[in-house]
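Biologist: Please take a close look at the salt bridges in this model, and explain with care which residues pair and how open to the surroundings they are.

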Amino acid sequence: MNKIILVFILHFFIVFSVTAQQSQKKANPYDGTLLTQVTEVKSEQGNERDTTKILYLQNSSKDSLFVYKIAEGVISEATAYILIGNSKGLYLIAKPIFGDAETLNKLQIEFSDTEHVVLINQQDKYLLYPKFYASAKQEINTKHSVIGLFDLLEDYLEDYSILDIYPVLLSENKARWSKIIQHAKIITQRNQSDLKDTWDSKYQYNSQGKLLSVKATSAEETHFSKKMSYINSSTIKMDIYRNIEDRQILSRKVIYNPLKNNQLDITDQVEETGQNKETILITKIHKKNIGKVKSLYLSQLEIKKLIKQLK
């Protein structure tokens, strides 16, 4: 009888211990990353210096990414990106975190196994190399990884109105510049008219299978280009060009250290062609992993307290 009681007590403590550990894991299933972005702006009007913090919170299943942008101690923007799959398909939903505002953005994602194509909004086509296609589909369509989708769309995030996302600092994809995309066709809507532009995007790789360049063009002009320079094991340089409807031309130089994986150095030269105006922006972005947080939804006060603790 005593043995039975002893076994029962031991079983109770084991069950209690496991339950307690599971409850503890469930209590903090969210990971946080903080980017500190320091930008020096140089223009004819003078020089300015701006510091912005961007807080990324992600759940354990990776299908939700909450982004809080903090300027001068106040949340200036707060957006939730959620990758949802249902009977109607797979969608990336972007919604404001606070208030009852409607959806900011909605992307439909489809996969064609026969063509190895990822289709965005039934119009943008990304033709992938077969070797990568299966893993991309697993990451995005099966696991619903928001960052996995951002990795794929990285060069055109601005065209999808997805801002303040830096996949190179947030992603766990170590082969991000390998032979992934063969070719892409991107269609963009003009801001001040009903016209649309179609861009033929070509990708070139070196003999080691590393990305050399991306160039998106139409018959008349270039919309986007990126040239990669693998200077050594600790330095990667990217030269980026973006033409926004002939109104604004961006020339960007990015320096990235994959060994440290926690900082980007960005120099932007922005020309506003209609106003004959030029602005230089020098930005340093530092990444800090902050570990577990209690929730994806944080109030202004909770964010202030969290950032203060990280100083």
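Modeller: What follows goes through the salt bridges pair by pair.
This is a predicted model, in which local features need pLDDT of at least 70 and side-chain atom pairs count only at pLDDT 80 or more, while totals for chains, interfaces and linings use all residues. Residues are numbered from 1 along each chain as its sequence is written, and side-chain values use heavy atoms, with hydrogens and water left out.

Side chains of opposite charge can pair when their charged atoms come close. With a salt bridge taken as a side-chain nitrogen of Lys or Arg within 4 Å of a carboxyl oxygen of Asp or Glu, the count comes to 15. One of them joins Lys292 to Asp31, whose closest N and O atoms are 3.1 Å apart. Because Lys292 lies in strand β16 and Asp31 in strand β1 (strands being DSSP runs of E, at least two residues, numbered from the N terminus), this pair ties together parts 261 residues apart in sequence. Lys292 is exposed (over 50% relative accessible area, with a 1.4 Å probe and protein chains only) at 51%, whereas Asp31, at 26%, is partly exposed (between 20% and 50%).

Glu158 pairs with Arg242, and here the closest N and O atoms are 3.6 Å apart. Arg242 belongs to strand β13 and Glu158 to the loop between α3 and α4 (helices being DSSP runs of H or I, at least four residues), so parts 84 residues apart in sequence are tied together. Glu158 is partly exposed at 36%, but Arg242 is buried (under 20%) at 6%.

Finally, Asp151, Glu154 and Arg176 are linked in a network of salt bridges.
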